[in-house]
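The exercises below are to be worked with the sequence and the 3D structure open. Each task is followed by a solution in steps.

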Amino acid sequence: MFVLSYIAVAIVAYLLGSIPTGFLVAKARGVDIRAVGSGNIGAANTFRAVGKVAGIFVLLMDALKGVAAVLVCFPILKLFGITDPAVTIHYRVLAGAFVVLGHNYTCWLHFKGGKGIATTGGAYLALAPISVLFALLAFVVGFGVTRITSVGSIMAAITLPTVVCLTKDDWTLRIVTLALGALALLKHRTNIQRLIAGTENRVEF
């Protein structure tokens, strides 16, 4: 029964995360987001390739996927008779991990998705909201100083697990957050290469 409950949470979270919001929004505008800009289906590339309104919408929807995946655990776990908060936290963390994996490796686009920053932020609004505030501050500072989106994202990816490790006692949450932070940095490896080369795009206002 416990195994089935973990599988159910993981599948539902992955499927929520796998909804390719950026791809669908761009497609509705006649644009294949994978063929323009960075080729990424996330909010930043949508912002550049389709427009500000579309980019903001994708950002919010990707974050909402993260929140929804963590919150949907509760009705699923009730079906299995699991209500103890000391136990449900592990399911919620599992949901947070799998919604990000669904976003980053969506089954609908040959497992090529986004970089998971907004979806991770959404999941952690439900898991560790204070850490998201610090990560958001790091993003704003990084982006504000450089006008480079990836700098803000990288700083947020480092800040989130740092704050979680400093403020949370649950080792499952700590380990998963560190893994998600490492995954975010891995997904930004081409951005890091361009930053080193000085060729990363800046946002012009």
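**Exercise 1. A nonpolar surface patch**

Task: Find which residues form a nonpolar patch on the surface, and place Ile-7 within the fold.

Solution.
Step 1. The patch is made of Val-3, Leu-4, Ile-7, Ile-11, Leu-15 and Trp-108, which together have about 620 Å² of accessible area. The model in which this patch appears is a predicted one.
Step 2. Ile-7 belongs to helix H1, which covers residues 2-17.
Step 3. The relative accessible area of Ile-7 is 41%. A patch member needs over 30%, and the class "partly exposed" runs between 20% and 50%. Ile-7 is therefore partly exposed at its 41%.

**Exercise 2. The two faces of helix H4**

Task: Describe the span of helix H4, then determine which of its residues are buried and what they pack against.

Solution.
Step 1. Helix H4 comprises residues 52-71, 20 residues in number. From first C-alpha to last the helix reaches 29 Å, close to the 28 Å expected at 1.5 Å a residue.
Step 2. The buried residues of H4 are Ala-54, Gly-55, Val-58, Asp-62, Ala-63, Lys-65, Gly-66, Ala-69 and Val-70.
Step 3. Around the axis these residues cover an arc of only 165°, so they are on the same side of H4.
Step 4. Exposed residues Lys-52, Val-53 and Leu-60 are carried on the face turned away from the buried side of H4.
Step 5. The packing partners of the buried residues of H4 are H1, helix H2 (21-28), helix H3 (43-49), helix H5 (73-79), helix H6 (85-104) and helix H7 (117-127).

**Exercise 3. Salt bridges and their burial**

Task: State how many salt bridges the structure holds. For each pair, give the distance and decide whether the partners are buried or partly exposed.

Solution.
Step 1. There are three salt bridges in the structure.
Step 2. Asp-62 and Lys-65 are paired by their side chains at 3.5 Å, N to O. Both residues are in helix H4, three residues apart, which is about one turn of the helix. A residue under 20% relative accessible area is classed as buried. Asp-62 has 2% and is therefore buried. Lys-65 has 7% and is likewise buried.
Step 3. Asp-32 pairs with Arg-34, with 3.0 Å between the closest N and O atoms. Asp-32 is partly exposed at 26% relative accessibility, and Arg-34 is partly exposed at 38%.
Step 4. Glu-200 is bridged to Arg-194, with the closest N and O atoms 2.6 Å apart. Here Glu-200 is buried, at a relative accessible area of 13%, while Arg-194 is partly exposed at 29%.

**Exercise 4. Positive phi in a loop**

Task: Locate His-110 and Phe-111, give the phi of each, and decide whether they are buried or exposed.

Solution.
Step 1. Recall the usual case: most residues other than glycine have a negative phi.
Step 2. His-110 is not a glycine, yet its phi is positive, at about 60°. Phe-111, also a residue other than glycine, has a positive phi near 65°.
Step 3. His-110 is placed in the loop between H6 and H7, and Phe-111 lies in the loop between H6 and H7.
Step 4. The cut-off for exposed is over 50% relative accessible area. His-110 has 67% and so is exposed. Phe-111 has 52% and so is exposed.

**Exercise 5. Contacts of two buried residues**

Task: For Thr-120 and Ile-89, identify the helix that holds each, its burial, and its contacts beyond four places in sequence.

Solution.
Step 1. Thr-120 is in helix H7. Its relative accessible area of 12% makes Thr-120 buried.
Step 2. With residues up to four places away in sequence set aside, Thr-120 touches Val-100 and Leu-160.
Step 3. Ile-89 is part of helix H6. A relative accessible area of 16% makes Ile-89 buried as well.
Step 4. Apart from neighbours within four places in sequence, Ile-89 is in contact with Leu-127 and Asp-170.
Step 5. Finally, compare separation in sequence with separation in space for Ile-89 and Leu-173. Ile-89 and Leu-173 are 84 residues apart in sequence, with 8.4 Å from C-alpha to C-alpha.

Methods. Residues are numbered from 1 along each chain as its sequence is written. This is a predicted model: local features need pLDDT of at least 70, side-chain atom pairs count only at pLDDT 80 or more; totals for chains, interfaces and linings use all residues. Side-chain values use heavy atoms; hydrogens and water are left out. Patches are made of residues with over 30% relative accessible area and no salt bridge: like charges are joined within 9 Å, nonpolar side chains (Val, Leu, Ile, Met, Phe, Trp, Tyr) within 5 Å. Accessible areas come from the Shrake-Rupley method with a 1.4 Å probe; for residues, only the protein chains shown count as cover. A salt bridge is a side-chain nitrogen of Lys or Arg within 4 Å of a carboxyl oxygen of Asp or Glu. Helices (H or I, at least four residues) and strands (E, at least two) are DSSP runs, numbered from the N terminus. Buried means under 20% relative accessible area, exposed over 50%, partly exposed in between (1.4 Å probe, protein chains only). The expected span of a helix is 1.5 Å times one less than its number of residues. The arc is that of the directions from the helix axis to the C-beta atoms. Contact means heavy atoms within 4.5 Å.
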